[in-house]
Amino acid sequence: MNDAWAATVLTLFPEMFPGPLGLSLAGRALASGVWKLDAVDIRDFATDRHRTVDGTPSGGGPGMVMRADVVAAAVDAMHSAAKPLIYLSPRGKRLTQARVRALAEGPGVTLLCGRFEGLDERVIEARAMEEVSLGDFVLSGGEPAALALLDAVVRLLPGVMGAAASGEEESFESGLLEYPHYTRPQVFEGREIPEVLTSGDHARVARWRREEAERLTRERRPDLWEKFQKDGRKSD
């Protein structure tokens, strides 16, 4: 049997993990050994009695900066070279479903959660960290971003989702946003389920879903629609 997919999270708040990852699909997969999670306290690698992990910014300015030497010690002790080393940062490259899938197909990941004003640039360079962002906004720290990234990856691991096809048709997997969904009751506050979905005509249903996915992407995410068209995947 292959080794379980393994995540190591370097953080100043290890008590935040597994958090929501201990529930639902991810939690069941964690309990059954489909994946492993090790939350490591960066403060354990500080060398002074106060367990200092930060310092004032060189050149002045507000806030504090995470020290290169302490973070480097944590990375060197806990990171495996076989896995990607990712620093969650608002200036990083935006996380995509393609990157999530690539991570799920690998052996695991080491995630570094920043705090304060950020991390000393020298350790980012020295350890060749991959900087990743969830989007154009700023969080109090990297922990919520790490939880989101891990949730996105774990659900793609073999055996986590009940039906593999449910993942194949989701937003971003095909380059499009997902089509609308409906279920009982047949009529809700005067709104009916579209007739095509109850017609029993599978070809019509598939065509409608594709058209709706294209419409929603075109209206809500013109950036994705432009990329989709350039990739030559637009339906005739």
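Helices (H or I, at least four residues) and strands (E, at least two) are DSSP runs, numbered from the N terminus. With those labels in hand, you can place Pro18 in the loop between β1 and α1. Keep in mind that you're looking at a predicted model. Here's a tour, starting with the sheet, moving on to the helices and ending with a few odd spots in the backbone.

**The sheet**

- Let's start with the big layout: 5 strands line up as an open sheet in the order β2-β1-β6-β5-β7, and their pairing is parallel.
- At the edges you'll find β2 and β7 (130-133), each of which pairs on one side only.
- The sheet isn't flat-on from strand to strand: on average, neighbouring strands are turned by 35 degrees against each other, direction ignored.
- Helix α2 (residues 68-78) packs on this sheet and touches β1, β2, β5 and β6. The direction of α2 makes about 165 degrees with that of β1.

**Two strand pairs to trace**

- Strand β1 covers residues 5-11 and strand β2 covers residues 35-41, and the two pair in the parallel sense over 7 bridges.
- If you want a spot to check in that pair, look at Ala7, which stands opposite Leu37 in β2.
- What do β1, β2 and helix α1 (residues 24-31) make together? They make a right-handed β-α-β unit, with α1 in the middle of the trio.
- Strand β5 (residues 85-94) pairs with strand β6 (residues 108-113), again in the parallel sense, over 4 bridges.
- Here the spot to check is Ile86, whose bridge partner in β6 is Leu111.

**Helix α3 against helix α5**

- Helix α3 (residues 97-104) packs against helix α5 (residues 143-154) at an angle of about 70 degrees, and their axes are 8 Å apart.
- Angles of 65 to 115 degrees count as roughly perpendicular, so α3 is roughly perpendicular to α5.
- As for handedness, α3 passes α5 in a right-handed crossing.
- On the α3 side the contact is made by Val100, Leu103 and Ala104, while α5 brings in Leu149, Ala152 and Val153.
- Sort that contact by class and you get 6 nonpolar residues, with no polar and no charged ones.

**Helix α7 against helix α8**

- Helix α7 (residues 202-220) and helix α8 (residues 222-230) pack at an angle of about 125 degrees, with axes 5 Å apart.
- That angle makes α7 oblique to α8.
- From α7, the contact uses Arg210, Glu214, Thr217, Arg218, Glu219 and Arg220. From α8, the contact uses Pro222, Leu224, Trp225 and Phe228.
- How do the residues of this contact divide by class? There are 4 nonpolar, 1 polar and 5 charged residues where α7 meets α8.

**Odd spots in the backbone**

- Some background first: most residues other than glycine have a negative phi, and most peptide bonds are trans.
- Now look at the peptide bond from Phe17 to Pro18, which is cis, with omega near 5 degrees. As you saw at the start, Pro18 sits in the loop between β1 and α1.
- The peptide bond from Arg184 to Pro185 is cis too, with omega near 5 degrees. You'll find Pro185 in the loop between α6 (164-168) and β8 (187-188).
- Ala128 isn't a glycine, yet Ala128 has a positive phi of about 50 degrees. To spot Ala128, go to the loop between α4 (121-126) and β7.

Key. Residues numbered from 1 in each chain as written. Predicted model: local features only at pLDDT ≥ 70, side-chain atom pairs only at ≥ 80, totals over all residues. Heavy atoms only, no water. Pairing = 2+ DSSP bridges. Right-handed = clockwise from strand over helix to strand, strands pointing away. Axes fitted to C-alpha atoms, helices over the stretch in contact; angles between N-to-C directions. Parallel < 35°, antiparallel > 145°, perpendicular 65-115°, else oblique. Left-handed = near helix turned anticlockwise from the far one by under 90°. Contact = heavy atoms within 4.5 Å. Nonpolar A, V, L, I, M, F, W, Y, C, P; charged D, E, K, R; others polar.
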